[in-house]
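Visitor: I have a model open on my screen and a pile of labels I'd like justified. Could you walk me through them?

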Amino acid sequence: MFGYLQTQKSELLIKDYEAYKSVYCGLCKQLGKSYGVLSRLTLSYDCTFLALLYISINDDDICVKKGHCVVNPLKKCMFCTENKALKFAAAVSAILTYYKIKDNISDSKFLKALFFKFLSLFFRRAYKKAKKDYPVIEEITAQYIQEQFNVEHDKNVSIDIAANPTANFISKLIMSIPNTNNIPNLLLEKFGYFIGRWVYLIDAADDYDKDLLSGNFNPFVDYFKNKENTRNDVSKYCNSVLNFTIYQINLAYNLIDFKQFKRILDNIINYGLPDMQRKCLFYKPFNKKKK
Amino acid sequence: MSNPYSVLGISESATDEEVKNAYRELAKKYHPDNYENSELADFASEKMKEINLAYDTIIEERRNKRKNSDGVYASTGYSSEYPDVRRLINNNRVADAEQILDGIPRDKRSAEWYFLKSMVFYKKGFLEDAFSYIETACQMDSENKEYQSAYNHIKNARNGEYGGYNVKKNGSMPMCSCCDLCNILVCSDCCCECFGGDLIGCC
């Protein structure tokens with residue numbers, strides 16, 4: 001996961017921001033506790049989003065405690081105490097990170113590969129533990145990585161097909177959350193599918209320039225191959241594709257009756273995602289745009 | 001009886017949601033509980049009856065209208081080439097529908113074929129393919145309202161009308177180009193010169 005599912009702070013109530021922060025810090029603590037200090041580095045907004053969803057779907061009660069932050073020991077912060085949602089999100093984080101490092105080993109050159117190999121030794125233990133505790137997540141992830149690999153090595157892959165594995169992955173991940181709130185499964189399936197699709201596509205759109213140079217697989221680069229276009233056309237096209245996906249997210253989201261963190265989730269869907277599109281596509285101050 | 005819309009204090013063009021909200025507000029106001037033990041209780045219950053009646057009338061009226069228009073839609077109908085495929089799609093049996101559509105030879109694929117294929121993709125979540133097929137359907141049969149309205153809907157969604165980032169609405173970030181910089185400098189120089197100073201020495 002890549003850190004695209006963020007809130008837009010300026011539109012958040014302070015109390016909601018604090019609640020969000022407490023889940024974020026709680027997840028960091030949980031990672032440290034379950035999988036060792038080093039895995040705290042894998043903390044991401046996406047896994048925080050997953051933890052929020054878990055709490056909301058499973059309707060867990062959460063406890064908040066005050067404690068010292070590891071990164072900045074002078075600062076005190078509020079954090080969620082250990083619960084099922086945090087454990088779940090931490091496991092997802094550990095498993096995904098391990099797969100991502102393995103992917104990097106095969107993708108990079110000798111020295112870099114050696115470095116990743118070194119890293120993977122550290123994360124292997126975390127991965128094994130997570131796999132033991134949550135075999136379902138491991139299974140879903142392994143299948144996802146395999147499908148993604150197949151897609152990227154096929155010829156003539158459309159944008160929809162390229163996004164399909166990630167979309168299915170998030171969909172299955174969200175469906176695997178115990179649903180005590182009796183939310184209809186179809187709604188969760190669709191919601192997860194389009195969230196996953198959006199995450200994949202924003203990542204592809206964000207990496208457009210990089211992949212154009214390096215020649216790595218990217219559905220948008222493929223789409224614009226042999227076409228006359230300016231960089232702005234590309235951004236606009238990507239934006240349309242993402243908007244259409246957000247529309248589909250909303251169709252499902254508006255029908256789901258989330259009990260907890262409703263305002264935070266609203267914020268992420270209605271402000272966080274569109275703003276991420278703006279940042280990734282239209283406002284990259286340090287990236288000189290090529291015409 | 002007076003106009004049900006004026007009883008609820010809304011215009012006839014109000015959406016269903018607005019009707020409901022107006023009804024809720026009034027019902028809260030005139031609820032019998034508020035008037036318990038009051039001399040005015042009878043008036044309130046009279047008013048409440050009037051509101052209930054008005055609300056029921058509007059809802060009933062709208063429901064009938066919708067039914068009729070649906071009926072018209074179905075009967076004047078688009079005489080479909082593929083009624084069974086349409087039925088399958090409506091019942092969410094997307095894979096079956098796709099199989100039938102794919103079995104139709106390339107040279108026999110009509111505008112409706114592209115439209116139905118687009119619906120199949122849409123239900124699968126393959127949004128971009130859905131968009132390109134509906135586009136083709138509209139190009140092949142530009143008169144058809146059914147294709148056109150589906151196409152417009154998707155286009156609006158892509159433009160960010162229903163959420164997402166709308167480039168036009170939000171405007172692009174003002175970029176300070178080289179040209180702007182020169183303009184500013186020249187203007188500042190003129191201003192300074194007006195007041196006896198000078199910003200750019202050579203002119």
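Visitor: Which residues make the nonpolar surface patch of about 570 Å²?

Guide: Leu38(A), Leu41(A), Phe118(A), Leu121(A) and Phe122(A) make that patch. Keep in mind that this is a predicted model.

Visitor: What makes Leu121(A) count as exposed or buried?

Guide: Exposed means over 50% relative accessible area. Leu121(A) has 61%, so exposed is the word for this residue. Leu121(A) is found in helix H4 of chain A, residues 110-133.

Visitor: How do you know that the length of helix H3 of chain A fits its residue count?

Guide: Take 1.5 Å times one less than the number of residues. For the 24 residues of H3(A), 84-107, that gives an expected 34 Å, and the end C-alpha atoms are 35 Å apart, so the two agree.

Visitor: What goes on at the start of H3(A)?

Guide: A side-chain oxygen of Asn83(A) comes to within 3.1 Å of the backbone nitrogen of Ala85(A). The cut-off for a polar contact is 3.5 Å, so this pair falls inside the limit.

Visitor: Why is the pairing of Asp160(A) with Arg197(A) called a salt bridge?

Guide: The closest N and O atoms of the two are 2.8 Å apart, and the limit is 4 Å, so the name applies. Asp160(A) sits in helix H6 and Arg197(A) in helix H7 of chain A, so the bridge ties together parts 37 residues apart in sequence.

Visitor: Are those two partners buried or exposed?

Guide: Buried means under 20%. Asp160(A) is at 0%, so it's buried; Arg197(A), at 1%, counts as buried too.

Visitor: And over in chain B, how do you know that Glu60(B) forms a salt bridge with Arg63(B)?

Guide: Their closest N and O atoms are 3.8 Å apart, which is within the 4 Å limit. Both lie in helix H3 of chain B, three residues apart, about one turn. Residues three or four places apart in an α-helix point the same way, because there are 3.6 residues a turn.

Visitor: Why is Glu60(B) called partly exposed?

Guide: The label covers the range between 20% and 50%. Glu60(B) has 41%, so it fits, and Arg63(B), at 45%, is partly exposed as well.

Visitor: What makes the phi of Asn182(A) worth pointing out?

Guide: That phi is near 55°, a positive value in a residue other than glycine. Most residues other than glycine have a negative phi. Asn182(A) is in the loop between helices H6 and H7 of chain A.

Notes. Residues are numbered from 1 along each chain as its sequence is written. Chains are lettered from A and ligands numbered from 1 in the order in which they are written. This is a predicted model: local features need pLDDT of at least 70, side-chain atom pairs count only at pLDDT 80 or more; totals for chains, interfaces and linings use all residues. Side-chain values use heavy atoms; hydrogens and water are left out. Helices (H or I, at least four residues) and strands (E, at least two) are DSSP runs, numbered from the N terminus. A polar contact is a pair of N or O atoms within 3.5 Å; within protein, one must be able to donate a hydrogen and the other to accept it, and residues adjacent in sequence count only if both atoms are side-chain atoms. Patches are made of residues with over 30% relative accessible area and no salt bridge: like charges are joined within 9 Å, nonpolar side chains (Val, Leu, Ile, Met, Phe, Trp, Tyr) within 5 Å. Accessible areas come from the Shrake-Rupley method with a 1.4 Å probe; for residues, only the protein chains shown count as cover. A salt bridge is a side-chain nitrogen of Lys or Arg within 4 Å of a carboxyl oxygen of Asp or Glu. Buried means under 20% relative accessible area, exposed over 50%, partly exposed in between (1.4 Å probe, protein chains only).
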